[in-house]
Amino acid sequence: MGRKLFVEVCNAADLMPKDGQGSASAYCTLEFDGQRRKTDTKAKDLNPVWNTVVEFPILEGKNLESEVLELSVLCEKRGAQRKPGFLGKVKIPGRSIVKKGEEALVYYPLEKRSMFSQVKGEIGLKVWWSDDPDPSPPAPASPSAAAAASGGGTPPAEEVTAKDAAVPEVTEEAPAAPAAAAAAAAAAEHHPAPSEPAEAPVEQVREIQLEEMAEPKEEKHEETEERREDAREEVPMERKEEQEEMREIPNESKEEKHEKEEEKREEARDEKKEEEKKKKEEKHEEKNEQKHEPKQYEEKKKEEKKENKKEDKEEKKPEETREYRSVGRREEQKDVKDQKIKERKGDAPTIVIKRHDDEHEHELSRKLVRSSTVPSTDFHLKETTPALARGIGERVVTYDLVEKMNYLFVKVVKARALMESGSGSSYARIVFGSLTAKTKEVGKSLFPEWHEIFAFSKDNSAGPVVEVSIWDHETDQFMGAVGFDLQEIPFRVPPDSPLAPQWYRLENISKNAEKKVRGDVMLAIWWGTQADEAFTEAWQSDSGGYAHTRAKVYLSPKLWYLRVNVIEAQEVQPMDRTRFPEVSVRAQLGFQIYKTKVASNRNTSPQWNEDLLFVASEPFEDELLLVVQNKTAKPNEEEVLGMVKIALAGIEKRIDHRQVNSKWFDLVRYNGGDKHFHGRLHLRLCFDGGYHVMDEATHYSSCVRPTAKQLWRPVVGVLELGIIRGKDVHPMKTVDGRGATDAYCVAKYGQKWVRTRTIVDNLNPRWNEQYSWEVYDPCTVLTVGVFDNCHVHPHPEGGKDLKDLQIGKVRIRLSTLESERIYTNSHPLLMLQRSGVRKLGEIELAVRYSSVSIVSVMGLYFRPLLPKMHYLHPLGVTQSEILRISAMRLVAIRLNRSEPPLRQEVVQFMLDADFHVWSLRRSKVNYFRIMNLLAGPMAVGTWFHNICHWKNPVTTLLVHILFLILVMFPELILPTLFLYLSLIGAWRYRYRPRSPPSMDGKLSQAEQVEPDELDEEFDPIPTNKDPSVVKARYDRLRIVSSRIQHVLGDIATQGERLTALLSWRDPRASGIMVAVCMTIAIFLYVVPLRVIVVIVGLYVLRHPKFRERLPGWPINFFRRLPSLADRIL
C-alpha cells in the first residue's frame, strides 16, 4: 500500500511586518523529500488563515522517520524581480509525525534562518500520514525513469488552492469511471471528516496531472517542457511563477537532491537555467567517458536499455492507468494517451479537482476549454517591439515610428490617338494580382485625360506583371494595354522629386489576336511607401478605394467666449398698462439660449446689469438675437416688447479684463415685414480672448492655451504618434453572413484631429501612419480612439442614420513620457457595454515626445495651468460645464461639415460627452479613489499606534531616541523631514513606470459592476424605463444618499462640538474648558516648552502596562459636548 503525508496549514499569528507598509502578504512553502508545495497568499494580514491541506506521496523504500518536513513562511513583495521576505521557518522531523486519526492542531514558533533574521510569531499545523489505496510502484531504476514508473511512481500532482488559480469555464463533465469511483470511495474511508469542520471552510484543491512517459532523457525533457508550456497557457499570467514553484522535484540521489535544495533556496528564479547547464555538463561527461572508458560506457548503456525495456513492458499492463491512479481498462489508458496527444497539440489539459468534504473525498475529472470571456490579464498594457522603419540605405525615412509598407503606385495621366469605339467614352483599368481598379470615364474623346493615382499594397501581388489597359465604357471593347514586370519597376524614396510620366505604346494582349489597337498612354509607375506624398490622395487598395475612407487631418474651429452684459432698457411699452411690467431679456446664439432674471424695478425702464456667456466659433456666421419680453396675466405666456439682431463680426475682442464701451440698440417688432420702434436696449458686448474655451474635461485636456493668439506661449516640444496596427479586433457587423470590421483611428491633441484611412474588412488592420503635433504644455493628454466605419458597405435600408461604432479609446499623458524615448506598446481597447466591460481588440502605438529645452519645460511646472483670466475672473463650476457642453456640440457640428465628415458620434466619444452624467459606477470609482488616498495616512496611523503599544520594542525605542533628539535639536526637524522625502523619491526612481498609462478596467470598477447599474448608466435622459424599474432605482439612490447624508452629518456634528467648547451652550463644559485653558496657560509660562514636549511625547508613547482600554478623558469630554443635531426636525 502507498503512503502519503498530509499537512494542514491552518493559520499564523503575530507575523513580522516586512512589506514596508507595516504589514505582510504571507504565504507558505513546504518541502519534503525533494517535493515542493505552496499555499495561496494572504494579502496585508499579519494573522493569516489558510486552512489548506497539502499532500506529499511517500515513495516505497523511503523511511518517514529519517525525513524532515520543512515549512517556510515568506512575504510576497511587489515587482517581479524582488525576492520575497523571510518571515520564519519550521522544521518537523519525520519521527514526530503521527498516523491519521491522532493528529492535532499544534502551534510551532517560527525560527530564524540566520542570526541576523528578524522573525517572530507562530504557525498552526496539523501533520499526519495515511496509507494510499493505490498499488505501490516498483523501485525506479534512475532519476529520469522514476517519474515514468507505473502506478504510484507518477509524479505527485501540483496542489493549488481554489483561490489562487482561476478555474476556466467547464463545458462538459467527463463521466466517472468505475475504477475512479472505487478509488474515490476507498479514499473516503481513509480520510474522515476534519476535527473542526465548523471553523474552517471547505477548500478545493486542484491538481494538474503532468505525466511523464518512459523515454530517454533528452526526449522526456523536451516533452515535459512542452507539457509545462501548455499548462501555463491555461492559467492567468500572474500564477505562472506559483506553478513553477509547485512543480515536483524529480527523485534523484541524496547528493544531487541536497545540491538542488541549496540552489533553490539561494536562487529560486534561476532554476530553469541551472537545469539547462546541468544537462550540458552531463552530455560533456558522457563524451569524456565514452573517450576514456569505452568499455564501462557501453556496459552502462546496455543496463539503461534493459531498464527501459522493463519499464515499457510494465506500461502495457492493463491494470495500471496513471491518469486516475487506480485499476482500469485498456480503453481508459487509451483515452489517457489520446488526451495527452491533444494536450501537446494545444488543446485544454485534463484537470482533476479534489474536494475534502466532511464525510468523504471524491475526484472529478473535467475537460476544460478556453473561456470565451477575456481574462482580466488581457486588460493590461503590453510592451511590443515592432520593426520600425529606420532608413533605406543612407537615407532616413520620415515615417520612423511605424513599419514600412511597400506600395505600387500607378499614375494614369492621359491617352492619345485611340481607336474609335462605339460610344467614344473610355476608361483605364489596372490589374495587380487579385486587385482591379479603374479610372473615371471620359466621354467621346480619342485623347482622354484622367490624372488619377492608384496605390496597390505589395501584399496583394500574385503575379510578376502589372497590366494597364484601355476599355470602352458602354461596349466594354478592348482598346489596348501595356504590361510592366514588377522586378523592373524603380523604387522611389522621398525626398526625391516625383517620377515623370512617360508615353507607352498600347499593345494587343487579348485573346483575339486579329484585333487592331493603336494609340499611346502616359503613365508613371514606381514602388514607394506610405511616406510618399502621393499616397494620401491616391486610390488605396487596402481602404477599398473610397474617397471617404482616406486619411485626413481636421482642425477644430477657433472658439471664443462671447460676453453679453445686459445693462438696461428704456421706453419699453407693455400691452397691458394696468399691470406692473415684469420684463426680462432672452438671448439666443444658434442653439444656445439664455435668459436674464426679471428686472427688479417694475417700470418701463428696467435694469438688469447681468452677464450672459455664449460660445462662438470662427468664422462668425450666426447672429445674436436678443428679445425683450414681458410676463402677461396668463400663466406661462409672455409678450414680445422688442428685439434686436446683432452681427458678431462687428463685436470688439479683448484679451484682458479691461472694460469695453457699451452701446444702445434700437428695439423693433417684426409685424408683417414692417419694422417699428419700441424702445432701446443698453448692452456691453465683447469677445473674451483671455480664456481657454473648454471642450474637454480639465483633468485630461489636450490644450490649455487662451483663445487670443497674442497670449500663446512658445512651443516646448513635439509629440509624434505612430499608429501601427490593430490586433484581434472584434467583428462589429455582419457582411454576407460573416463578421467584419472596417476599422479606422482618430487621434486628437490640441486643435488638430487626425483620422487614419479605413482598412476594409480586416480584423487585424495595419495602418502604419505617423503624425506629429506641437506641444505647448507637457501636462496635457493625447486621445486615440478606434471606430468601425459603417458607411463602407451598402445598407439594405439606405443607411442614412447609421453611426460609426466605438471600439475603444486610449489616453496618454505627455508628462508621463521621457523625452526622446520611443514607447511601443499594445493598448487594450476596452468598452463598457450594457452586458459589462469587454475587450474589443488591441491597438499598437509608438509614441515619442521631444522637448525643445528642458529648462523651459521645467519652468512650466511653476506656472498656472490655465490662462490668468480663469483666476482673476473665474467662471462657476456649473457655468463652466454648460459652456463645455456647448463648445463640444459646436466642434462636432463644424467637423461634421468636412469632407469626408468627422461624424458627431466620433467627436462626442473623443471629448467624453457623457462625462457629467450620473453613474453609480463612477461614484464607486471616486469613493475607492478617496479610500486609496487615505490608505497612506491610515497606514501611518496604524504604525504610530503599534509604536505607542510597543508591538515592536526595538522600533519603539528607536522612535523614543529620535523623538528626544528632535526635541533637543528642533532645527533638525524640517531638514530631516525633507531629507527623508528626497530619499524616498530617489529610492522609488528604480521602480518608476516603464510604459505610458492605459485604460484600467479594475480602477473603473467595470469588472465587478452589476448589470442593473450598467443599464441605468446607459439609460438616456429622460428615462424610457418601466415605472417599477425607475422606482427601484430611485429607492437605491435614496439608500446611497442616506449613507452620504449620515457621513456629512457626523462631520457637521464634530465641527459643532468644537465650536461649542467656548460658546456656553453647555455652561458646565464651557466652564471646565475655561479653567483648563487658564491652567495650561500658567503651566506654559512656568515650564519650558521643551520639557512640555518631552512630557507629552513620553506620555503618548508610554508602555501598554500604563494604558487603559477605555477612551481618555479628553475624548470623553469632547463627545459629551452639545451639537445642533438634537434641534433638527
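In the predicted model, V917 counts as partly exposed at 28% relative accessibility, where partly exposed lies between buried, under 20% relative accessible area, and exposed, over 50% (1.4 Å probe, protein chains only). The place of V917 is in the loop between helix 12 (904-910) and helix 13 (920-948); helices (H or I, at least four residues) and strands (E, at least two) are DSSP runs, numbered from the N terminus. In sequence V917 and P1020 are 103 residues apart, while in space their C-alpha atoms are 9.5 Å apart. Residues are numbered from 1 along each chain as its sequence is written, and side-chain values use heavy atoms, with hydrogens and water left out. Because this is a predicted model, local features need pLDDT of at least 70 and side-chain atom pairs count only at pLDDT 80 or more, whereas totals for chains, interfaces and linings use all residues, pLDDT being the predictor's confidence in each residue, from 0 to 100.

A second loop residue, E582, is found between strand 26 (559-570) and strand 27 (583-589), and with a relative accessible area of 16% E582 is buried. When residues up to four places away in sequence are not counted, E582 touches V598, R602, Q629, N630 and K631, a contact being defined by heavy atoms within 4.5 Å.

Over the chain, the secondary structure comes to 20 helices and 44 strands, and buried residues make up 43% of the 1129 residues. Of the contacts in the chain with a separation of 6 or more, 69% are accounted for by residues 24 or more positions apart. The mean pLDDT of the chain is 77, and 75% of the residues score at least 70. Among the elements, the lowest mean pLDDT (34) belongs to strand 14 (residues 361-368) and the highest (95) to strand 38 (residues 743-749). The pLDDT is below 50 over residues 313-377, a stretch that has 154 contacts in the model beyond near neighbours in sequence.

The nonpolar residues were then examined as cores, a nonpolar core being a set of buried Ala, Val, Leu, Ile, Met, Phe, Trp, Tyr and Cys residues joined through side-chain atoms within 4.5 Å. The largest such core has 61 residues, of which L721, W753, W773 and I843 touch the most other members. Helix 11 (residues 877-896) gives the most to this core, with seven residues, and a second, separate core of 32 residues includes L15, I58, L69 and L87. In soluble globular proteins, nonpolar side chains tend to be buried together.

The structure also holds 22 aromatic pairs, in which rings of Phe, Tyr and Trp (its six-membered ring) have centres within 6.5 Å, with planes under 30 degrees apart counted as stacked, over 60 as edge-to-face and the rest as tilted. The ring centres of F456 and W539 are 5.4 Å apart and their planes stand at 50°, so this pair is tilted. Since F456 lies in strand 19 (residues 449-457) and W539 in strand 24 (residues 539-540), the pair ties together parts that are 83 residues apart in sequence; both residues, F456 and W539, are buried. Ring pairs further link F432, F454, F456, W527 and W539 into a cluster. Over the ring of W527 sits the charged end of K458, 5.6 Å from the ring centre, and the charged end of R416 sits over the ring of W503, 4.0 Å from its centre, the criterion being NZ of Lys or CZ of Arg within 6 Å of the ring centre and within 35 degrees of the ring normal.
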